[in-house]
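Thanks for sharing this one. Here are a few notes to read with the structure open beside you.

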Amino acid sequence: MSGKPHSTPTNEAADGFRHFADIALPIAVREVFTYALSGTHAAVVQPGMRVWVPLKGRMNIGMVVKVHQNKPAFKTRPVARVLDREPVLDPELLRLTEWMYRFYVCGWGEVIQAALPAGLNFSAKTFVRAVPQKEDAVVALNRQEKLIYAEISGEKRLSWREARQRWANEERALSSVKQKGLLQLWDEPALDLQPRTELCWVWQNPQRETLTERLVSGKTKKWEQAWQLLLETDPLPATTAALTVAMPETITPYTLKRLEQEGVLTREEREARLPEPAFAYRPEHISALNPEQHEVTATLLKPLHARTYAKFLLFGVTGSGKTEVYIHLIKEALEQGRGALVLVPEIALTPQTVRRFYLIFGRKIAILHSRLSDRERYEAWQALRRGEKNIVIGARSAVFAPIEKLGVIIIDEEHDTSYYQTDPAPRYHAREVAAMRAHKAGAVLVMGSATPSLVSLVESGRGKSQLLKLSARHTGAQMPEVKVLNLTEYRYAMNGPLAVPLFRAVEEAVGRGEQVILLYNRRGFASFMQCEACGDVPECPHCSVSLTYHKAQQHLRCHYCGFARSVPGSCHACGETGGLKMQGSGTQQVEEELEKLFPKFRVMRMDQDTTSRKNAHDQLLTAFGRGEADILIGTQLVAKGLDFPNVTVVGVVNADTELAFPSYRSNERMYQLLSQVAGRSGRAAKKGVVYLQTRQPDHVSVRFAKNHDYEGFARAELAGRKPLLYPPYARLLQAAFRGQDATYTRRAAEQFTAIMKQAQTGWPVLGPAPDAIERMKDEFRWITLMKLPAGITTAQLEKICDYFWKWYEKTKPEGASTVRITLNHEML
Ligand SMILES: Nc1ncnc2c1ncn2[C@@H]1O[C@H](COP(=O)(O)OP(=O)(O)OP(=O)(O)O)[C@@H](O)[C@H]1O
Ligand SMILES: [Zn+2]
C-alpha cells in the first residue's frame, strides 16, 4: 500500500541507528524508502531536504519526506550525504506533492521531480575517470583507443556526457575502452547550478547619509534623485546597461571611479540577478474599475481579507476586464503582505500579457515559461525563495512556484487544455492542483474564462465554487456580429479557401486600412472524413465521437470502443456518392492561396513552423500590432488573448476541423475556439464581424457561437453528456498500453482490462481498443477507459488503481515486461 516504507535491499547491519528518514526517490514506484540517519545527519535533516542514498547498487538523490524514530523491522542502510542546508520544498509544497502522488496514483518522487527546477531537483551527473595500473589492458588497445584513454587519464572531472560528445565520432572506440574495464563511471548529485556572477558596485561606507549630504549639496534635483537610486541599489551591476538604467546621464562612471578611490565603493563579483524585462513600471496607472468589475472584486476581497480559502469561477465575456479584476485583487493581497500566482496558458504568456502586470507590480514579478533556460528558471526560483519577488506569472508548472504567504491564485483561461499535463509522468491537471494548493494555503482561487470548462460550470452548480459574471465589454464595444457561411451552399462560389462573402469582407476591410485575422486550425494528429455535400462527419454508433480515418486499412474506427467499419461509398446522411472526403491541408498551403488571391496585401503566417524560434511568436505579434501585415493567418495560436484594436474581420476558414478530434469534448473545444477567435474582432471603437465557414451550420457549437450564447451551448452540451456518463458526470480513467510487439501489447491490454472488469466496481469499462494513432514511433498503442464517479475520493482512486496493479503483477501475460502501462484520469 502507498506510503508504507519499503525495505531497502541490504545486507549491512545498521543496528546502532535511532533516527530514520522516509525518502522519496524519482522512480515510478508508489512506496517511499526508509534509510537510517547517523547522529550528525539526524541533527540537521528536515523534510524537504535532499539526500544522497544507495539504491540497487547506484547512488541516487532522494528527498526526505519524513524524519522519525520508528525503527523498521527490516535492515536499513544509512543516508550517505545530506545535500541541502535548508529544505528546497517547504512543508506546504511538500504536502501538496504528497496529495498529488496519491490522487494521481504515481510515484511521490516523480511529482517532486516535476515540481522542482533543474538544480534543485533530483538530477545527478555521471562522471568518468581512467582506471590506472592496468598496463596489460592498455597495451592491447588500438591507437585510437589509446589516445582516448590517455586524454581521459589527464582529466580530473570529466562528465560522461561531455566525454560522449567529445568522442561522438569515435563512439565505438570510447565504449570499447569502457568495456575493457579501463574507465570507471560514477554519479554525483548535480546540485545548485553554479550561480552566474557579475561585476557589481558595492557600498563599503556605513555612513552613506553624511556622505550624501556632502556630495549632494550644490547638485541638481535630478542628480540627487539618481544618487538616491544608486544608494538603494546595492549591489549595483557594473555593466553599462545597468548604469544607464540607474543613472540616466547624471552620475557618470567617473563619479563612481572617484568613490572607488575614496574607498566608499568597491567592485566585486556578486551573484547575478535576473535581468528585468524592459517594461514600464507605473503603479499609479492602475485602472479604476467599472461598476460591474467593482462588484465582482468586492466579492473576491471578502475571503481574501478573512484569509480563508474560497474558489470562484469568473465567467466574463472577452474584453470584459477580467485582467483588471485580477490586478486589483493581487494588489490587495500584496497590501496584506501576501503573494500571488497567476497561471496562464503557455501561448498566452506573451509580452502583451506580462506588460500589463508589470506596469502595476514591477519587479515583484517572476515570469516562468517553458523557454527559460535551466539557469533562468533556477534564478527565478531562488529570487522567490529569498522573498525578493512574490508574484509569479507562469504556465502550468508554475503552480509549484515557491511563493511565501500565498494569498491569491488566478487561473486565466481556465478551460485551456494546456493546464493538463499528459506526458511525461506525473499526469496532473494544474487546475486541480491549484485548487488544492489554495485550499492548503487559505488563499483565494479565481478561475477566469469567457468559455468556462463544463467541468467548472457544473462544479459551481454543485456549490464547489461561486460563479461570478462580467457580462459587458468595458469599452462598451459590442460583441462582433457572427455570420455563418454554409460551405455546402458555396461549393461552387469559392475564391480559393474563402467563400465569396468572406473574400469580399477581407478585401474591403484591408481597403479601409483595417486588419484581418484568419484561423485555419488543423489538428495534426487524426484524419477524419467529411461529406462535402452535407457536412456530415461519420460517428461511432456507440460513443458519439467522430470516427478516425485509418488510411492503411481504408477504414473508419472509434478509438474509444474499437468499433470499425470500411469507408462507405456514399454518405449515410445525404446519400451523395463519393461525397466523403478526407479533410485538412496545411496552413502554409492556405497562406500561398491567399497570396495569390490578394497579391497586393501583406500576409503573415503564425503556426508551429513560424514560431519555433525563440521569441518568434512575440516578434510576429508585435509586427502585426504595428500594422506590418494586413492579414494574419494561423492555427489556434491566433485565437488566444490577442488585443488588436484595428482588427475588424475575423474568418474561420473551416470551423469543422475541431470535429475531427475523436473526443466527447470536441463540441466544447470547437465552441471555445470559435468564441475565442471571434473575441479578437472589433475590440475597440470599430465594429467587428466574424465569418464562420462550416459544412455544419446547424452544429450545436456553431448555432450558439453565432449568438455568443455560451450558457445555451453549455445546457445543450451537458444534456448530451449526462446519459453517456462523460465528464463532468464521470471522471475518465484511461489505461494506456504501449509496446513494440503487437501481440504482447494487445495481450497486456486485454489482461489489464479483464482485471478492471473483474473488479466489479459497477463502473463502466470500455475497451481495450487501438488508440487513435494505433502505431507511433514503432510502438503499438491500445487504450481502455473506465468511467469513475465524478466525486471519487483520493483514497478510493488510490485503492482501485493499486488493486489493478497488484493483480496485474500476479497475472501478467508472457511478454508483459515489454509493454508500458500508464494510468491517468481526467475530468477536463
Ligand atoms: N476598468 C477599466 N478601465 C480602463 N480600461 C479597462 C477597464 N477594464 C478593461 N479595460 C480595457 O478593456 C480591454 C479589455 O480588458 P481585459 O483585457 O482586461 O479583458 P479580459 O476579460 O481579460 O479579455 P480577454 O478575455 O478577451 O483576454 C483592455 O484593453 C483593458 O485595458
Ligand atoms: Zn465507439
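The points below cover a helix pair and two annotated cysteine groups.

1. A word on the source before the details: this is a predicted model. The points that follow should be read with that in mind.

2. How do the axes of helix H2 and helix H3 cross? Helix H2 spans residues 91–103 and helix H3 residues 108–115; their axes come within 8 Å and cross at roughly 130 degrees. H2 and H3 are therefore oblique to each other, and their crossing is right-handed.

3. If you would like to display that contact, select Leu 93, Thr 97, Glu 98, Met 100 and Tyr 101 on the H2 side, with Trp 108, Val 111, Ile 112 and Ala 115 on the H3 side. By character, the residues of this contact of H2 with H3 split into 7 nonpolar, 1 polar and 1 charged.

4. Next, the annotations. An unreviewed UniProt entry gives the feature "binding site" for Cys 531, Cys 534, Cys 571 and Cys 574. These residues are spread over 44 residues of sequence, yet they cluster in space, the largest C-alpha distance being 8.6 Å.

5. Two members of that group are worth a look. Cys 531 lies in strand S26 (residues 529–531), while Cys 571 sits in the loop between strand S29 (564–566) and strand S30 (580–582). Cys 531 has 24 other C-beta atoms within 10 Å and is therefore buried; Cys 571 is buried too, with 21. Leaving aside residues up to four places away in sequence, Cys 531 touches residues including Cys 571 and Cys 574, and Cys 571 has Cys 531 and Cys 534 among its contacts.

6. UniProt, again in an unreviewed entry, also places "binding site" at Cys 540, Cys 543, Cys 558 and Cys 561. Here the spread in sequence is 22 residues, and the cysteines cluster in space with a largest C-alpha distance of 8.7 Å.

7. Is Cys 561 buried or partly exposed? It is partly exposed, because 17 other C-beta atoms lie within 10 Å, and a residue needs 20 or more to be buried. Cys 540, with 21 such atoms, is buried. Cys 540 is in the loop between S26 and strand S27 (548–550), and Cys 561 is in the loop between strand S28 (555–557) and S29.

8. Finally, the contacts of these two, not counting residues up to four places away in sequence. Cys 540 touches Val 545, Leu 547, Cys 558, Tyr 560, Cys 561 and Phe 563. Cys 561 touches Cys 540, His 542 and Cys 543, and also Leu 766, Gly 767 and Ala 769.

Conventions
Residues numbered from 1 in each chain as written. Chains lettered and ligands numbered in written order. Predicted model: local features only at pLDDT ≥ 70, side-chain atom pairs only at ≥ 80, totals over all residues. Axes fitted to C-alpha atoms, helices over the stretch in contact; angles between N-to-C directions. Helix = DSSP H or I, 4+ residues; strand = E, 2+ residues; numbered from the N terminus. Parallel < 35°, antiparallel > 145°, perpendicular 65-115°, else oblique. Left-handed = near helix turned anticlockwise from the far one by under 90°. Contact = placed C-beta atoms within 7 Å. Nonpolar A, V, L, I, M, F, W, Y, C, P; charged D, E, K, R; others polar. UniProt positions renumbered as here; feature names shortened; annotations may be inferred. Buried ≥ 20, exposed ≤ 12 C-beta atoms within 10 Å, placed from the backbone.
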